[in-house]
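This report introduces selected features of the structure shown below. It considers charged pairs and then the interior.

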Amino acid sequence: MKEQKSVICSVCGAVLTEETKHEFDGKVMCESCLAGSTEVCERCGDRVWNEDAVTDSNVTLCNSCYDFYYTTCEDCGRIISNENTYYEDDESDIPYCHDCYQKLEEQYNCSFSMQKFNFSYDIITKNNKKRGK
C-alpha cells in the first residue's frame, strides 16, 4: 500500500491529498479557498485572483479581456462590450450602455424638441426635382 503525501492549503491551512489539492499561481489551495480567492474570466476562461478581476453584477473578466473587448458605462458603471457601446457623437469618447444612451437621447429630444421642428428640408425625387416640406 502506497502512502499518500499530504500538503497544506496555503490559505486556510487545511490538510490536502494529491487528489484534493489545487494549484494556482504557485499556491496550493483547497477547493474552497480556490473558489473564494479567484475568479474565472467569462470571455477567455483564465483564472485570476479576485483583486485582478474586473467585475460588475453581470460579468467577470480578466484585465486583458476587459482592456481589449470591454469598457464601462460612464453613467451607470456597468461593464459593456465594445460592440454594444454607444457614444453621444463621433467626437465623443465617453461610453454609454444602451439603457443610459436611450435616457440621454430622451433628455436631448425633450430639451431640443422645439428646434427639431424649426427647419425645412428638400426631398429630391427621381427626376431631381426638389419639393419643400
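## A salt bridge between distant parts of the chain

In this predicted model, Arg78 and Asp99 form a salt bridge through their side chains, with an N to O distance of 3.9 Å. The pair connects distant parts of the chain, 21 residues apart: Arg78 belongs to the loop between strand S9 (70–72) and S10, whereas Asp99 belongs to helix H3 (residues 98–111). Arg78 is partly exposed at 27% relative accessibility, and Asp99 is partly exposed at 41%.

## A network of salt bridges

The count of salt bridges comes to three. Glu18, Lys21 and Glu23 are linked in a network. Within this network, Lys21 pairs with Glu18, their closest N and O atoms lying 3.3 Å apart, and Lys21 also pairs with Glu23 at 3.2 Å, N to O. Glu18 is partly exposed, with 40% relative accessibility, while Glu23 is exposed, with 57%.

## Nonpolar cores

The largest nonpolar core has eleven residues in all, including Cys41, Val48, Val54, Leu61, Tyr66, Tyr70 and Ile79. Strand S7 (53–55), strand S8 (60–62) and helix H2 (63–69) are the elements that each give two or more residues to this core. Another core, of nine residues, lies apart from it and has Cys30, Cys33, Leu34 and Trp49 among its residues.

Tyr66 touches Val54, Leu61, Thr71, Thr72 and Ile79, leaving aside residues up to four places away in sequence.

## Ser81 in strand S10

Ser81 lies in strand S10 (residues 79–81). Its relative accessible area is 13%, so Ser81 counts as buried. Beyond neighbours within four places in sequence, Ser81 is in contact with Tyr69 and Tyr70.

Key:
Residues are numbered from 1 along each chain as its sequence is written. This is a predicted model: local features need pLDDT of at least 70, side-chain atom pairs count only at pLDDT 80 or more; totals for chains, interfaces and linings use all residues. Side-chain values use heavy atoms; hydrogens and water are left out. Helices (H or I, at least four residues) and strands (E, at least two) are DSSP runs, numbered from the N terminus. Buried means under 20% relative accessible area, exposed over 50%, partly exposed in between (1.4 Å probe, protein chains only). Contact means heavy atoms within 4.5 Å. A nonpolar core is a set of buried Ala, Val, Leu, Ile, Met, Phe, Trp, Tyr and Cys residues joined through side-chain atoms within 4.5 Å. A salt bridge is a side-chain nitrogen of Lys or Arg within 4 Å of a carboxyl oxygen of Asp or Glu.
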